[in-house]
Amino acid sequence: MTPSGATDVREYLRAQAAVIDGALERYLPAPDDCPPLVAEAMRYSLFAGGKRLRPILTLAAAETVAPAAAARTADALPAACAVEMIHTYSLVHDDLPAMDDDTLRRGRPTAHVAFGEGAAILAGDALLTEAFRVLARWPAGGDPELAGRKLRAAERVAAGAGAGGMVGGQALDLQASGQVPGRSLPIADGDGLRTLHGLKTGALMRAAAAAGAILAGGTGAEIDAVDAYAAHLGLGFQIVDDILDVESTADALGKTAGKDAAAGKPTYPSILGLDRSRALAVEAIGAAKAALRAGGLSGRLDGIADWVLTRTH
Ligand code: GRG
């Protein structure tokens, strides 16, 4: 990527994150709409400075399949917000003592440290549930074609987040780290890691991108290309995450660094070494871009793939 291309994509990511933050503010229950503790705990984790990569994928996928139709990309904004709410719920629950037991996330004390375990569990539950309210309700209007697209997008997001997607990946992660009595499932090679992360990290990214393409009225082939792109991107993202966990600091990452190694978790660097991990990340990002090209698509998703490789947090 050229330096100007890198600046351009960073500017795009910043601008889209601001659009998403504004929309999240509108879609989220206000403290008057529910017991204030729930609204406060949801907002605490959601507005703590996440990168917004998944919702940006939703918007960028919509732009990619419907480049000339602003209305179509606006149709994808509620789903983008729903995906970020689901991602944030997963972080809140992942940080709980029963899971990863972490105290720092997005540069702040984790939700259970700030609000207590019970309230953090409820904040996660509420984020997940409200996400599907957003998916069902917006964009509003009686257009039956749009209603059909909303339903397909919601189904896709549920599948990516659910038992055969992110939740399933988290279950494999618990088993891999010996946290399920009598059900350990150690991971010893790259294929095992790929399966785990394809679910835990990749499935929601795939659903995020596919939902954008669906809501913008993409063809079946376009939706498939965007889905394949996001599958490779998710892998690249995860490998870079594992490398940053080794090489970066808590200050830069906004979360505990070196946590995986300390917990004896299988990671790309621990199983394959840093050099091979870097090469695999480059390969995955190349494959993501190739999947787009194979579907006759280009545009922002390409630059986002390059950014994933060079990101520092
Ligand atoms: C609890 C059902 C359930 C799932 C948890 C997402 C997840 C699954 C666990 C988070 C732990 C982790 C390190 C996952 C792998 C990489 C990842 C998803 C990192 C966090 O995503 P970022 O970097 O975070 O996009 P921000 O804060 O920028 O949104």
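**View 1. The lining of the second largest pocket in this predicted model.** The residues that line the second largest pocket divide into four nonpolar, three polar and four charged, and the pocket itself has a volume of about 230 Å³. Helix α1, which spans residues 3–27, gives the most to this lining, with four residues. Among the lining residues are Arg 10, Leu 13, Gly 49, Lys 51, Trp 307 and His 313.

**View 2. Polar side chains beside the ligand.** Lys 51, which is also one of the residues lining the second largest pocket, has a side-chain N or O atom 2.6 Å from an oxygen atom of the ligand. For Arg 54, a polar side-chain atom lies 2.8 Å from a ligand oxygen atom, and an N or O atom in the side chain of His 87 is likewise 2.8 Å from an oxygen atom of the ligand. On its own the ligand has 690 Å² of accessible area, of which the protein covers 92%.

**View 3. The shell around the ligand.** Of the 18 residues around the ligand, those that come nearest are Lys 51, Arg 54, His 87, Arg 106 and Gln 238. The shell comprises five nonpolar, seven polar and six charged residues, and its largest share, six residues, comes from α5.

**View 4. The largest pocket, whose space the ligand takes.** About 1000 Å³ of space lies in the largest pocket, and of the 48 residues that line this pocket, Leu 91, Asp 94, Arg 105, Asp 241 and Lys 255 are the closest to its centre. The lining divides into 14 nonpolar, 15 polar and 19 charged residues, with at least two residues supplied by each of α3 (53–65), α5, α9, α10, α11 and α13 (259–262).

Terms used. Residues are numbered from 1 along each chain as its sequence is written. This is a predicted model: local features need pLDDT of at least 70, side-chain atom pairs count only at pLDDT 80 or more; totals for chains, interfaces and linings use all residues. Side-chain values use heavy atoms; hydrogens and water are left out. A residue is near a molecule or strand if one of its heavy atoms lies within 4 Å of it. A polar contact is a pair of N or O atoms within 3.5 Å; within protein, one must be able to donate a hydrogen and the other to accept it, and residues adjacent in sequence count only if both atoms are side-chain atoms. Accessible areas come from the Shrake-Rupley method with a 1.4 Å probe; for residues, only the protein chains shown count as cover. On a 1 Å grid over the protein atoms alone, a cavity is a set of points where a 1.4 Å probe fits but cannot get out, and a pocket is an open set with protein on both sides within 12 Å along at least five of seven lines; lining residues have an atom within 4 Å of a point. A molecule sits in a cavity or pocket if more than half of its atoms lie within 2 Å of its grid points. Ala, Val, Leu, Ile, Met, Phe, Trp, Tyr, Cys and Pro count as nonpolar, Asp, Glu, Lys and Arg as charged, and the others, Gly among them, as polar. Grid points are joined across faces, edges and corners, and a volume is the space filled by probe spheres set on the points.
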